[in-house]
Amino acid sequence: MEIPYTTTARPDTGLWNAKIGIWLFLASEVMLFGGLFSAYIFLRLDAAPGHWPRGLLNVPVGTMNTAILIASSVTVVLAWAALKMRQFSKYKFYMGITILCGIVFLVVKLAYEWPIKFHHFGAKITPAALEKYEPYLGNAHLREGGYEPRVEISGHLENPEALHDESIREYHIKLDAANAEPLNPDNDRPRFWPAPMSDKIAHVSKDDVQLASMYVPKHSTFFATYFTITGLHGLHVLGGVIVFIYLWLPVSARLYKRNPEQLANRVEVAGLFWHFVDLVWIFVFPLFYLL
Amino acid sequence: MSLKGFHIVFITVTTLLALSLGVWCLAVNRGAGAPGYLTGAIFCFAAAAGLLTYGVWFYRKMKRLRLIT
């Protein structure tokens, strides 16, 4: 028995099966990501001054990843248009580029952006000890400029064993530029191009630290929401790439010979999903990287 | 909505993002005088212009191919 409306639209709805299916799925996805974005916004609005990290993400790398995803949206549409024009080799070419873009995005995220954070350390100073660490925080200078105070000393942890060994009473931190030169006006705001780490090492007593952690979800609400949303988004990118690889493999050539319109419809549905995933990133990028 | 319709919406949103990012870079540059942001603003406005041009080209192509009726 042949399933009806796989390639032609149902007369009463004007839609074929997979299209109505993907839009119902995307509606549920809007609710999923909408809930997470709402949570992020409310958590951020309610954060105490100085307790919402800013400028910790690499803006040029985020911009590059945004451009990669936008390019992949263009190529997936061109792949679909090529199928509609019955140009199979062009379809393979554009789909190949789409797959490549998706893989590059994931590699940048998983092999560069995330691991850097796993090796970056931050120690939040207790309110009573803020004055003691003023040379690294520069809060008097920030107050004058009307900026939020700094409550964290961050950089590379030179003695990582201090995280687990209770007998070690100090963290030795190779400082980030903002803590090495807290009075430098360039460090008052998040930088577009990340500043290189200094050679200065600060010795921070564990008694003065409220919370010490690598830049992992435990570090702050910011990183908890960052890893949740970008992780979920990354899984969606991975899912899209897997589907695209399937539609690019020889199985697509067989389907193309048998029923080219059915292949075009499959690509259209996968392309709709891909556009949604890219649209989510268009919101993730300014929210996490810029604002 | 079809893929081509969603694509036009996507390009519109992306163009708006590039424009607002450019304005944000200009505002930061005026406030802090950081030259990196001015370069960023120029890059963003160029990207917005490129996306707009692409959007118009795409719409015309789809019309010509009768993929948009």
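Into which domains is chain A divided? In this predicted model, the split gives domain 1, made of two stretches (25-118 + 220-290), and domain 2, which runs over 121-214. The C-alpha centres of these two domains of chain A sit 34 Å apart. Where they touch, domain 1 of chain A puts in 11 residues, and domain 2 of chain A likewise puts in 11 residues.

Next comes the largest pocket. Its volume comes out at about 1,200 Å³, and 39 residues line it. Nearest the centre of the largest pocket are A:Arg54, A:Gly55, A:Leu56, A:Asp176 and A:Ala178. Both domains have a hand in the lining: domain 1 (25-118 + 220-290) and domain 2 (121-214) of chain A each supply at least three residues. In terms of secondary structure, the elements of chain A that give two or more residues to the lining of the largest pocket are helix H3 (88-118), strand E2 (152-157) and helix H6 (177-180). H3(A) accounts for the largest share, with four residues. For anyone thinking about chemistry, the lining of the largest pocket breaks down into 18 nonpolar, 10 polar and 11 charged residues.

Helix H8 of chain A, spanning residues 250-258, is worth a look on its own. Its buried residues are A:Ser252, A:Leu255 and A:Tyr256. These buried residues all sit on the same side of H8(A), because they cover an arc of only 105 degrees around the axis. On the face of H8(A) turned away from that buried side, the exposed residues are A:Pro250, A:Arg254, A:Lys257 and A:Arg258. And what covers the buried residues of H8(A)? The cover includes four helices of chain A, namely H2 (59-84), H3, H7 (221-248) and H9 (260-290). H3(A) thus turns up in two places, as part of the cover over the buried residues of H8(A) and as the source of the largest share of the pocket lining.

That leaves chain B. It has two helices and zero strands. Of the 69 residues in chain B, 43% are buried. As for how its contacts are spread along the sequence, take those in chain B between residues at least 6 apart: 54% of these join residues at least 24 apart.

Notes. Residues numbered from 1 in each chain as written. Chains lettered and ligands numbered in written order. Predicted model: local features only at pLDDT ≥ 70, side-chain atom pairs only at ≥ 80, totals over all residues. Heavy atoms only, no water. 1 Å grid on protein atoms, 1.4 Å probe; cavity = no way out; pocket = protein on both sides within 12 Å on 5 of 7 lines; lining within 4 Å. Points joined across faces, edges and corners; volume = space filled by probe spheres on them. Nonpolar A, V, L, I, M, F, W, Y, C, P; charged D, E, K, R; others polar. Domains from an automatic or database assignment. Buried < 20%, exposed > 50% of the residue type's maximum accessible area, 1.4 Å probe, protein only. Arc of directions from axis to C-beta. Contact = heavy atoms within 4.5 Å.
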